[in-house]
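Grab a coffee and open the viewer: here are a few exercises to work through, each with a solution. Try each one yourself before you read on.

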Amino acid sequence: MKRILLLGGVTEALAIARTLGPEHIYSLAGIGRVPTDLQCQVRVGGYGGAEGLAQFILDEGVELLLDATHPYAAQISQNAATAARASAIPCWALRRLAWQPQAGDDWREVGDWSELIEALKPFKRPLFTLGREPLQHLHEIPPEQFWTLRALDAYPGNERCEVIGARGPFLIDDERELFERRQIDVLISKNSGSTATEPKLEVARERGVPVLVLKRPVLPGVDRELLSCKETLAALAEFLQ
Ligand code: NAP
């Protein structure tokens, strides 16, 4: 019986994990919620780099590695490609298409934190939707700025920053209310390509709010790239035949 190791971390990965039988393994870093209602095995925590992952593949007799991690989780994707190559098994990756700017959008791409801070200078009320990274910079908020920071969990903010803990999917009306309440004048986002977090872009468009988009990391080449959950499930069904 063929065994798949599915590296998760995004909604589509969980949807795929729900279709896998008990011989397969669903692997999570352990940052988000760990599901307890799956038929497949669930493994939580890192492997200790590509070598550790290759050892796990060998020990567990894994025959296909499916990378369904977040497009900005570049380290684990690199480890997956390296470990699969070292183990002589195929590595497939579910790679969501990036969002594309639409008419009325004002998107400005930034490469890293220092470029982002520079691009933020003309603005006063940014909304950060990058996860936890901005928390390290709360003491650097310029005197004219008031930040709003949304992450998966709530953390203490300060007098110049409100931190909101919330998990998608986000509804457009709630996003409208947030932009209005906090008087957001610039949105900072990764380009995750997820429908669950897309409404904020729609609200930015409606309100003429610019978006600073963090560049996608370069991901390694894999044996097969899949663009959607549906395509991945069809490919897996064929592989498992
Ligand atoms: P990362 O920088 O690529 O990975 C850091 C380390 O975490 C990896 O080297 C690996 O540790 C471990 N790891 C990551 N994903 C794993 C998995 N599925 N199973 C077991 N170990 C895993 O990733 P990240 O950006 O910190 O993200 C961590 C997890 O959160 C990923 O699974 C990702 O899909 C999910 N996530 C990330 C984002 C984001 O914006 N980055 C957003 C939503 C969800 P070892 O080297 O020890 O094996």
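One thing to keep in mind as you go: this is a predicted model.

**Exercise 1. Find out which residues sit closest to the ligand, and which backbone atoms make polar contacts with its oxygen atoms.**

Step 1: Start with the shell. The ligand is surrounded by 21 residues, and the closest are Ser27, Tyr47, Gly48, Ile76 and Lys190.

Step 2: Now look for backbone contacts, using a cut-off of 3.5 Å between N or O atoms. Tyr47 has a backbone N or O atom 2.6 Å from a ligand oxygen. For Gly48, a polar backbone atom is 2.8 Å from an oxygen atom of the ligand. Gly49 also joins in, with a backbone N or O atom at 3.1 Å from a ligand oxygen.

Step 3: Check how much of the ligand is covered. On its own the ligand exposes 810 Å², and the protein buries 73% of that.

**Exercise 2. Work out which elements give two or more residues to the shell around the ligand, and what classes of residue the shell holds.**

Step 1: Go through the elements. Strand S2 (25-28) and helix H3 (74-87) are the ones that give two or more residues.

Step 2: Pick the top contributor. That's H3, with four residues.

Step 3: Sort the shell by class. You should get nine nonpolar residues, 11 polar and one charged.

**Exercise 3. Describe the second largest pocket: its space, its lining and the classes of its residues.**

Step 1: Its space comes to about 190 Å³.

Step 2: Its lining has 16 residues, and those nearest the centre are Pro71, Arg95, Arg96, Arg216 and Leu219.

Step 3: By class, the lining splits into eight nonpolar, three polar and five charged residues.

**Exercise 4. Count the aromatic pairs in the whole structure, then take a look at Trp92 and Phe239.**

Step 1: The whole structure has five aromatic pairs.

Step 2: Trp92 and Phe239 lie 5.7 Å centre to centre, with 75° between the planes. Planes over 60 degrees apart count as edge-to-face, and that's the label for this pair.

Step 3: Place the two rings on the chain. Trp92 is in strand S5 (residues 91-94) and Phe239 in helix H7 (residues 229-240), so the pair links parts of the chain 147 residues apart.

**Exercise 5. Say what is unusual about the backbone at Pro169 and Ala88.**

Step 1: Recall the usual picture. Most residues other than glycine have a negative phi, and most peptide bonds are trans.

Step 2: Gly168 and Pro169 are joined by a cis peptide bond, with omega about 0°. Pro169 lies in the loop between strand S9 (161-165) and helix H5 (172-181).

Step 3: Ala88 isn't a glycine, yet its phi is positive, about 55°. You'll find Ala88 in the loop between H3 and S5.

Technical notes. Residues numbered from 1 in each chain as written. Predicted model: local features only at pLDDT ≥ 70, side-chain atom pairs only at ≥ 80, totals over all residues. Heavy atoms only, no water. Near = heavy atom within 4 Å. Polar contact = N/O pair within 3.5 Å; in protein donor to acceptor, adjacent residues only side chain to side chain. Areas by Shrake-Rupley, 256 points an atom, 1.4 Å probe, with all protein chains shown as cover. Nonpolar A, V, L, I, M, F, W, Y, C, P; charged D, E, K, R; others polar. 1 Å grid on protein atoms, 1.4 Å probe; cavity = no way out; pocket = protein on both sides within 12 Å on 5 of 7 lines; lining within 4 Å. Points joined across faces, edges and corners; volume = space filled by probe spheres on them. Phe/Tyr/Trp six-rings, centres within 6.5 Å; stacked < 30°, edge-to-face > 60°.
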